[in-house]
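Work through the exercises below with the sequence and model at hand. Try each task before reading its solution.

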Amino acid sequence: MIFSGLIASLGFLGSFAAHAEINTPKAVDKVEVDKYVGKWYEIAHFPMYFQRKCVSDTTANYSINYDKTIAVINSCRTKTGETISSEGIAYPQNEGNSMLKVSFLPSGLRWIPFTKGDYWVLRVDSDYRVALVGGPSHKYLWILSREPNLDAATYQSYVQTAHDYGYDTSKLVRTPQKQ
């Protein structure tokens with residue numbers, strides 16, 4: 001009886017571990033940085049405190065720095081119509097450049113531990129036209145596109161990928177792009 005209970009418990013734990021493995025976000029193996037840089041339109045995102053003033057036209061523009069870090073300029077339009085932006089830097093965390101740490105602190109403060117957020121490219125199409133970005137914590141999620149609008153089937157496909165990685169996709173908010 002004890003033995004069968006132990007076997008059942010191990011089976012349960014094994015299925016739990018398999019389920020957790022499926023729902024763990026995984027960055028793509030490699031991002032070709034020269035193809036990834038440039039302008040991306042935010043199609044959808046999880047609401048974040050640092051984006052609280054943004055109501056539309058959110059974009060991210062990436063460029064490669066001389067030291068192989070990635071310069072980031074995020075911008076958006078506020079409800080008053082003003083465009084605001086924030087400049088940051090992304091530091092590659094793996095050889096494939098698909099896992100980054102990003103900081104938007106002033107350059108003199110970027111050395112402070114725990115001030116960089118995860119930026120993992122979870123999915124990107126072969127033409128680098130659409131990307132899904134998140135991290136291991138499930139706190140952040142963005143769907144990005146090279147165009148201001150994304151067709152419904154492609155959008156749903158990327159939402160499904162996020163769901164498969166364990167993200168609560170009911171929290172996704174579509175970003176109006178009036179550009």
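**Exercise 1: the whole chain**

Task: find what share of contacts in the chain between residues at least 6 apart in sequence join residues at least 24 apart.

Solution. Take contacts between residues at least 6 apart in sequence; 51% of them join residues at least 24 apart. Contact here means heavy atoms within 4.5 Å. The model is predicted: local features need pLDDT of at least 70, side-chain atom pairs count only at pLDDT 80 or more, and totals for chains, interfaces and linings use all residues. Residues are numbered from 1 along each chain as its sequence is written, and side-chain values use heavy atoms, with hydrogens and water left out.

Next, the elements. The chain has three helices and nine strands (DSSP runs numbered from the N terminus: helices H or I, at least four residues; strands E, at least two). Their order from the N terminus is α-α-β-β-β-β-β-β-β-β-α-β.

Last, burial. Of 179 residues, 39% count as buried (under 20% relative accessible area, 1.4 Å probe, protein chains only).

**Exercise 2: two threonines**

Task: place Thr69 and Thr78 in the chain, then list their contacts.

Solution. Start with Thr69. Thr69 sits in the loop between strand S2 (56-64) and strand S3 (70-77). Its relative accessible area is 7%, so Thr69 is buried. Leaving out residues up to four places away in sequence, Thr69 touches Ser63, Ile64, Ile89, Ala90, Tyr91 and Pro92. Its side chain also makes a polar contact with the side chain of Asp67 (2.5 Å). A polar contact is a pair of N or O atoms within 3.5 Å; within protein, one must be able to donate a hydrogen and the other to accept it, and residues adjacent in sequence count only if both atoms are side-chain atoms.

Now Thr78. Thr78 lies in the loop between S3 and S4. Thr78 has a relative accessible area of 10%, and therefore counts as buried. Not counting residues up to four places away in sequence, its partners are Lys53, Val55 and Ile84. The side chains of Thr78 and Thr80 make a polar contact (2.9 Å).

**Exercise 3: distance**

Task: how far apart are Thr69 and Asn97 in sequence and in space?

Solution. In sequence, Thr69 and Asn97 are 28 residues apart. In space, the C-alpha to C-alpha distance between Thr69 and Asn97 is 9.8 Å.

How values were computed
Buried means under 20% relative accessible area, exposed over 50%, partly exposed in between (1.4 Å probe, protein chains only).
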